Amino acid sequence: MVSATHGFMRLFRGSSADEGQAAKTKQTAPRLTRRSSGLGELVRVLKPEEPLYVLDIGSTSAANIRYLTELGHKIYSEDLLDASTDPSLVTKDEQGLTTLDSRKFLAENLVHPSARFDAVLCWNLADYMDESLVKPVVGRLWSMLKPGGVLLAFFHTREAGPDAPCYRYHIVGPDTLEMQHIEPRREVRRGPTGALHTAVGDGFRLQRVFNNRHIETLFRDFSSIKFFLTRDNIREVLVVR
């Protein structure tokens, strides 16, 4: 995987796992329902006839664990967005600019054997994670997927705006999701590189917007990519290892 390069995405900078962890997280936010064509196509891969390994790297969802285990699959959950706000990751690059230590991050997260997973639920992670971690994380996910394995990711369009809320996604049907606004587990504070991760509404703040070319570049080592257009300023993307 090509190493990360800075500045290839427009940044938005603002001023303003397991079930046990999920239970401790506040659940007061109302849930919105949306249809997902990308999820529908991924679920067709997750047929109950054959047990598969699935990795969910969004905010932990008991609903996702329940839905996938009832199909007979093995699910692993890691909240990478929350992990990326760890202050110990802060370092300086060769130009002396503040960045995050991607090697340290990957040494502590996504520690799984190569070609372990049949599917990865990436959700909207790339839009909210610090830019210095995005490409290294995608590279690690590529290595952890089996050949022919699939990854589902969501990307905001520019029309969403910098205050687009960050959601936890709950699978409630083969092509149906419930979205719940994320309330951070940590105290309200700035993220490691100074970006405000607890913006208006106590949610993580949108860091960037990818266009189609940026998305294709991000997943350049995958064998195929398919876009699904939606009406809520989201691009759904399904890529195959």
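## A tour from D118 outward

Begin by selecting D118, a residue that is buried, with a relative accessible area of 15%. Here buried means under 20% relative accessible area, exposed means over 50%, and partly exposed lies in between, with a 1.4 Å probe and protein chains only. What is on screen is a predicted model, in which local features need pLDDT of at least 70 and side-chain atom pairs count only at pLDDT 80 or more, while totals for chains, interfaces and linings use all residues. Residues are numbered from 1 along each chain as its sequence is written, and side-chain values use heavy atoms, with hydrogens and water left out.

**The partner of D118.** Add K146 to the selection: D118 forms a salt bridge with this residue, and the closest N and O atoms are 3.3 Å apart. The pair joins distant parts of the chain, since D118 lies in strand β7 and K146 in strand β8, 28 residues apart. A salt bridge is counted when a side-chain nitrogen of Lys or Arg is within 4 Å of a carboxyl oxygen of Asp or Glu. K146, at a relative accessible area of 28%, is partly exposed.

**The sheet.** Now show the strands, which, like the helices, are DSSP runs numbered from the N terminus (helices are H or I, at least four residues; strands are E, at least two). Six of the strands form an open sheet with mixed pairing, in the order β4-β3-β7-β8-β13-β12. At the edges stand β4 (74–77) and β12 (224–229), each with a single partner strand, so one side of each is left without a neighbour in the sheet. From one strand to the next, the twist averages 15 degrees. Two strands count as paired if DSSP finds at least two bridges between them; β12 and strand β13 (residues 234–240) pair in the antiparallel sense over six bridges. Within this pairing, select F228, which stands opposite E236 in β13.

**Helices on the sheet.** Helix α2 (residues 37–45) packs on the sheet and touches β7 (117–123), β8 (145–156), β12 and β13, its direction making about 25 degrees with that of β13. Contact means heavy atoms within 4.5 Å, and the angles, from 0 to 180 degrees, run between N-to-C directions of lines fitted to C-alpha atoms, for helices over the stretch in contact. Next select helix α7 (residues 131–144), which lies across β3 (53–56), β7 and β8 and runs at about 145 degrees to β8.

**More salt bridges.** The structure holds nine salt bridges. In one of them the side chains of R34 and D232 meet, at 2.7 Å from N to O. This pair also links distant parts of the chain, with R34 in strand β2 (residues 31–35) and D232 in the loop between β12 and β13, 198 residues apart. R34 counts as buried at 6% relative accessibility, whereas D232 counts as partly exposed at 32%. Add E236 as well, for R34, D232 and E236 are linked in a network of salt bridges.

**Where confidence varies.** Finally, colour the chain by pLDDT, the predictor's confidence in each residue, from 0 to 100. The protein chain averages a pLDDT of 83, and 79% of the residues score at least 70. Among its elements, strand β1 (residues 10–11) has the lowest mean pLDDT, 42, and β3 the highest, 98. Over residues 1–27 the pLDDT is below 50, and this stretch has 67 contacts in the model beyond near neighbours in sequence.
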